[in-house]
Amino acid sequence: MLSSRRAAAALAALVLCAVPALHAQDADDDRVSSASGARLTIGGFLQADGRFIAGDDRASGPILRRARLIFDAAGDHGFRLRLQPDFGQGRVLIQDAFIGWRDAGRDIRIGRFRPTFGGERTRGSATLLFPERGLINTLMPPRNTGVQATFGSTRAGLILGAFRTPLGDDARTVDTDGDLDIAPSPTEEGLLRVQGAIGALDAGRGLTWHLSALGGAAKGRRTDGTGPARLLTVGQRPIFAYAADTTDPVEADGRRWRAAAGMEYVSRRDAWHLELVAAEDGVRRVATGRTALRHGGAATAWSRVWRGTRAADYTITPADARGAFEAGVRFGAVWIDPDALARFAAPGSSGRAIGTGAALSWLPSASTRVSASYDVTVEDRGGRRVEHAVFVRVQQSF
């Protein structure tokens, strides 16, 4: 609670300190600029969900899923800065906080942000048709701290990055007086992504493709009993979890990598994507020694817009006051290497899971979305286990 209050106070102080140096451009414009030419854009969105997970009362009920403010600053010479705090789920988190430089053909950023890896994972949360991303989202890297550089254009591009990430969420605060606490050992990873496009993306239609690889090493131990990683269903229930053995714990140790390949087609009406992901995590136990957990996943989805147009970034603009509709279906699967499953899995973990779902959204305006979705996930646990998940969301952007 104390850390949340400190974060909120720091954010308020930042905004209050910035205001005197800025003047409004227009009474109805959310941009402000300084005398030196820097421009600040303030935006954000709020997502209120109703959830029902059959057989799991703890995961069912209302939730403020995301409540984000987005501060984007840009200078005349390519300088940029983003700060994105999130006040959803009764907590305060800084999702994005980076500085960078961008011009034609180059985009460099340093700080905390989501690595450009995979397909659906790189889409903005405010443009999602399904309230929650699909099964293979749990194979994707989380927001990390590091540096990333993008070269090229929408036709052909190369992305390079380097990241250093604590293994857990319990990294201790650094004392600015010099009395340093020992933080958990980190993972160190490098990113390589090659991407390209065919078609008129500037007109909101075209085919894009990507090949992404993220690899490095991990060394350290999680002490919270959950192991170094786990896979989750759409309803946030564990598919696979590492054994929580205090006498012979599972350690994240050794090589780790992720690889993804995908393609995506976007037009003014339709959108479709296909993606394959493979991953390996180095793990170790004192009794059984070091080995690797190999896992992977696949996903495909299709959606269509009626009475509106879709932009290349998935933003939908209604054609008239009646609003636009978007509907779609998806299919996904994840699987675990059977040998590692036998060595490291907690009781009840699955070797594979398959999921499918359908969703419908109504957009009375470009900034408002009302969505409903239904997902079914079938897990193989030596027998079948089925999860039924229903989500309803009201989203407002500004």
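**Exercise 1. Strands 4, 5 and 6**

In which sense do strand 4 and strand 5 pair, and over how many bridges? Then follow the chain into strand 6 and describe the two hairpins.

*Solution.* The model is a predicted one.

Step 1. Locate the two strands: strand 4 covers residues 61–74 and strand 5 covers residues 79–86. Their pairing is antiparallel and has five bridges. One point of reference is Ala73, which stands opposite Leu81 of strand 5.

Step 2. Look at the connection. Four residues lie between strand 4 and strand 5, and the two strands form a hairpin. In its turn, Gly78 has a positive phi of about 95 degrees.

Step 3. Go on to strand 6, residues 93–103. Strand 5 and strand 6 run antiparallel and are joined by eight bridges. Leu81 serves again as a marker, standing opposite Ile99 in strand 6. This second hairpin has six residues between its strands, and Gln89 in the turn has a positive phi of about 60 degrees.

Step 4. Put the markers together: Leu81 of strand 5 stands opposite Ala73 and opposite Ile99 of strand 6.

**Exercise 2. Aromatic pairs**

Find the aromatic pairs, classify each one, and state which parts of the chain they tie together.

*Solution.*

Step 1. Count the pairs: the structure holds two.

Step 2. Classify the pair of Phe98 and Phe113. The ring centres are 5.7 Å apart and the planes stand at 75 degrees, so this pair is edge-to-face; the cut-off for that class is over 60 degrees.

Step 3. Place the two residues in the chain. Phe98 belongs to strand 6 and Phe113 to strand 7 (residues 106–113), so the pair ties together parts that are 15 residues apart in sequence.

Step 4. Repeat for Phe113 and Phe163. This pair is also edge-to-face, with 5.7 Å from centre to centre and 70 degrees between the planes. Phe163 lies in strand 9 (residues 156–166) and Phe113 in strand 7, so the parts tied together are 50 residues apart in sequence.

Step 5. Check burial. A residue is buried when its relative accessible area is under 20%. Phe113, at 1%, therefore counts as buried, and Phe163, at 4%, is buried as well. Phe98 is also buried.

Step 6. Combine the pairs: Phe98, Phe113 and Phe163 are linked by ring pairs into a cluster.

**Exercise 3. Cavities and charges over rings**

How many cavities of 30 Å³ or more does the structure hold? Describe their linings, then find arginines that lie over a ring.

*Solution.*

Step 1. There are two such cavities. The largest has a volume of about 290 Å³, and the second largest has about 30 Å³.

Step 2. Describe the lining of the largest cavity. It consists of 27 residues, and those nearest the centre are Glu120, Phe130, His273, Ala301 and Arg330. Strands 15, 16, 19 and 20 each give two or more residues to this lining. Strand 19 has the largest share, with six residues. Sorted by class, the lining has 12 nonpolar, nine polar and six charged residues.

Step 3. Describe the lining of the second largest cavity: Glu120, Arg121, Ile136, Asn137, Met140 and Glu275. Two of these residues are nonpolar, one is polar and three are charged. Glu120 lines this cavity and is also among the residues nearest the centre of the largest cavity.

Step 4. Turn to the arginines. Arg330 lies over the face of Phe130, 3.9 Å from the ring centre. Both residues are among those nearest the centre of the largest cavity. Arg123 lies over the face of Tyr314, at 3.7 Å from the ring centre.

Methods
Residues are numbered from 1 along each chain as its sequence is written. This is a predicted model: local features need pLDDT of at least 70, side-chain atom pairs count only at pLDDT 80 or more; totals for chains, interfaces and linings use all residues. Side-chain values use heavy atoms; hydrogens and water are left out. Two strands pair if DSSP finds at least two bridges between them. On a 1 Å grid over the protein atoms alone, a cavity is a set of points where a 1.4 Å probe fits but cannot get out, and a pocket is an open set with protein on both sides within 12 Å along at least five of seven lines; lining residues have an atom within 4 Å of a point. Grid points are joined across faces, edges and corners, and a volume is the space filled by probe spheres set on the points. Ala, Val, Leu, Ile, Met, Phe, Trp, Tyr, Cys and Pro count as nonpolar, Asp, Glu, Lys and Arg as charged, and the others, Gly among them, as polar. Rings of Phe, Tyr and Trp (its six-membered ring) pair if their centres lie within 6.5 Å; planes under 30 degrees apart count as stacked, over 60 as edge-to-face and the rest as tilted. Buried means under 20% relative accessible area, exposed over 50%, partly exposed in between (1.4 Å probe, protein chains only). A charge sits over a ring if NZ of Lys or CZ of Arg is within 6 Å of the ring centre and within 35 degrees of the ring normal.
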